[in-house]
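Colleague: I have the sequence and the model open side by side. Could we go through the main features together?

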Amino acid sequence: MSTLQSRRSFLGHAAAGFSTLALPRLAQAQSASRPAQAEHAVTEAVGIEVNARQIPFFEPRDRARVRFGQLAYRSGLVLTSPHRGFGGLSGLRFLDDKGERFLALSDQGSWFTGAIRYANGKMAGLDDVEAAPMLNSEGRPITEKRLWYDTESLARDGSLVYVGLERVNQIMRFDFARGGTRARGEVVPTPPALRKLPYNKGLEALVFVPKGMKGQPLAGTLIAMAEGGFDADGNLIGFLIGGPMPGQFSIKRTDKQYISDAVLLPSGELLILERKFSWFTGINIRIRSLPLKGIAPGALVDGPVLFEADLGHEIDNMEGIDAHVTAEGETVLTLVSDDNFSMLQRTLLLQFTLVE
């Protein structure tokens with residue numbers, strides 16, 4: 001069997017593992033006072049070792065290919081760690097303008113901070129990685145409360161960090177000016193419809209529209225998007241929280257895709273990362289562009305597909321996306337995958353240049 005065939009077989013099994021994890025994990029959650037899903041939760045702040053292996057080609061079957069839709073592949077890493085809490089990465093936000101210092105979260109109620117190390121413009125590894133538990137208003141790990149662990153979405157407004165919890169459909173806010181990852185979280189008031197999103201198909205993407213973003217009616221708004229909550233026409237639903245126009249809107253759903261994250265570009269484009277699973281094709285991902293100015297209460301928004309990939313490419317369960325602009329003016333997208341703490345899946349960090 002060729003290397004490519006072996007890899008595709010492995011990824012096919014990984015996709016199946018990703019799909020079949022849901023039922024046993026749900027059963028464990030229902031039968032334990034502390035959900036089994038939180039068994040990998042970080043219990044104390046600690047520096048950890050993270051190893052990185054480079055991914056030289058995004059499409060192994062065509063190593064000369066760099067362009068994929070409107071993205072150009074830059075570099076990628078396969079990340080591993082001896083620390084049992086590392087993995088399950090569901091959200092990523094950069095803490096600087098260089099695409100180096102990052103804040104990430106796992107779906108086990110854990111923070112990860114560190115820095116991406118570059119060599120000749122390509123990712124080479126991670127430095128100074130620290131893991132810490134996410135704390136509630138009492139300074140205790142949020143995972144101590146039943147079902148408060150499925151932390152899937154992440155947004156920043158300066159020192160304020162917002163986290164969406166999928167199972168309970170709640171949003172927490174942390175002020176990182178008060179201790180960084182040791183900051184205590186508080187629950188943010190949300191619309192009743194948001195809290196009624198389907199179990200395990202709730203909040204999957206959060207984006208904050210900066211207050212100083214010129215010409216944007218939604219400046220100062222937290223945008224929350226559901227993975228699998230639908231309106232009457234079968235489109236995905238989103239919520240505008242705070243800001244000048246709070247309310248609910250819809251995102252046109254096509255090709256049976258589900259939202260897994262989103263990022264707002266300085267240009268005003270809202271990019272949504274989507275994925276789907278099929279027993280025939282495995283995991284598929286894509287990125288769509290939505291016009292931010294088209295989002296308003298009651299609106300239905302749609303936009304073009306910029307990028308698509310399947311198991312013939314170096315992907316996994318891609319769940320997080322962020323962007324930064326290089327000194328040369330290039331917009332770089334960074335994607336991260338959730339390995340579900342499964343030996344069949346991988347934690348990937350991928351970078352692409354957005355090609356105009």
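Modeller: Certainly. Strands S5 and S6 form a hairpin with six residues between them, and Gly99 in the turn has a positive phi of about 70°. Please keep in mind that this is a predicted model.

Colleague: In which sense do S5 and S6 pair, and over how many bridges?

Modeller: S5 and S6 pair in the antiparallel sense, over five bridges. Among the facing residues, Leu92 stands opposite Ala104 in S6, and Arg93 stands opposite Leu103 in S6.

Colleague: How many bridges join S6 to S7?

Modeller: Six bridges join S6 to S7, and these two strands run antiparallel. Phe102 has Gly114 in S7 as its bridge partner. S6 and S7 also form a hairpin, with three residues between the strands, in which Gly109 takes a positive phi near 70°.

Colleague: Is S6 enclosed or open to the outside?

Modeller: S6 is largely enclosed by the rest of the structure, because five of its six residues are buried.

Colleague: What is the strand order of the sheet that holds S5, S6 and S7?

Modeller: The order is S1-S8-S7-S6-S5, an open sheet of five strands with antiparallel pairing. Its edge strands are S1 (46–47) and S5, each of which pairs on one side only.

Colleague: Turning to cavities, how many of 30 Å³ or more are there?

Modeller: The count comes to one cavity of 30 Å³ or more. The largest cavity holds about 90 Å³ of space.

Colleague: Which residues line the largest cavity?

Modeller: Its lining consists of Leu79, Phe86, Leu89, Leu92, Phe102, Ala104, Phe112, Ile116, Leu126, Val129, Val336 and Leu349. The elements giving two or more residues to this lining are S5 (89–94), S6 (101–106), S7 (110–119) and S8 (122–133). Leu92 and Ala104, which stand opposite each other in S5 and S6, are both among the lining residues.

Colleague: And by class, how many of the lining residues are nonpolar, polar or charged?

Modeller: Twelve are nonpolar, and there are no polar and no charged residues in the lining of the largest cavity.

Colleague: Let us return to the backbone. Which residue of S8 has a positive phi without being glycine?

Modeller: That residue is Asp128, with phi near 50°. Asp128 lies in strand S8 and is exposed, with a relative accessible area of 70%.

Colleague: What about Leu147: where is it, and is it buried or exposed?

Modeller: Leu147 is in the loop between S8 and strand S9 (151–157). At 14% relative accessibility, Leu147 counts as buried. Its phi is near 70°, again a positive value in a residue other than glycine.

Colleague: Next, the charged side chains. How many salt bridges does the structure hold?

Modeller: The structure holds 22 salt bridges. One of them joins Glu274 to Arg286, with the closest N and O atoms 2.5 Å apart. This pair links distant parts of the chain, Glu274 being in strand S18 (residues 269–278) and Arg286 in strand S19 (residues 282–291), twelve residues apart.

Colleague: Are Glu274 and Arg286 buried or exposed?

Modeller: Both Glu274 and Arg286 are buried. Another salt bridge is formed by Arg275 and Glu319, at 2.6 Å from N to O. Here Arg275 is in S18 and Glu319 is in strand S22 (residues 318–325), 44 residues apart. Arg275 and Glu319 are likewise buried.

Colleague: Which residues are linked with Arg275 and Glu319 in a network of salt bridges?

Modeller: The network links them with Lys201, Glu204 and Glu227.

Colleague: And Asp175 with Arg178: how far apart are the closest N and O atoms?

Modeller: In that salt bridge, the closest N and O atoms are 3.9 Å apart. Asp175 counts as partly exposed at 23% relative accessibility, whereas Arg178 counts as exposed at 67%.

Colleague: One last topic: what is the strand order of the sheet with mixed pairing?

Modeller: That open sheet has five strands in the order S13-S14-S15-S16-S20. S13 (203–208) and S20 (300–301) are its edge strands, each pairing on one side only. Within it, five bridges join S14 (residues 222–230) to S15 (residues 236–241), and these run antiparallel. Met225 has Gly238 in S15 as its bridge partner.

Note on methods. Residues numbered from 1 in each chain as written. Predicted model: local features only at pLDDT ≥ 70, side-chain atom pairs only at ≥ 80, totals over all residues. Heavy atoms only, no water. 1 Å grid on protein atoms, 1.4 Å probe; cavity = no way out; pocket = protein on both sides within 12 Å on 5 of 7 lines; lining within 4 Å. Points joined across faces, edges and corners; volume = space filled by probe spheres on them. Helix = DSSP H or I, 4+ residues; strand = E, 2+ residues; numbered from the N terminus. Nonpolar A, V, L, I, M, F, W, Y, C, P; charged D, E, K, R; others polar. Buried < 20%, exposed > 50% of the residue type's maximum accessible area, 1.4 Å probe, protein only. Pairing = 2+ DSSP bridges. Salt bridge = Lys/Arg side-chain N within 4 Å of Asp/Glu carboxyl O.
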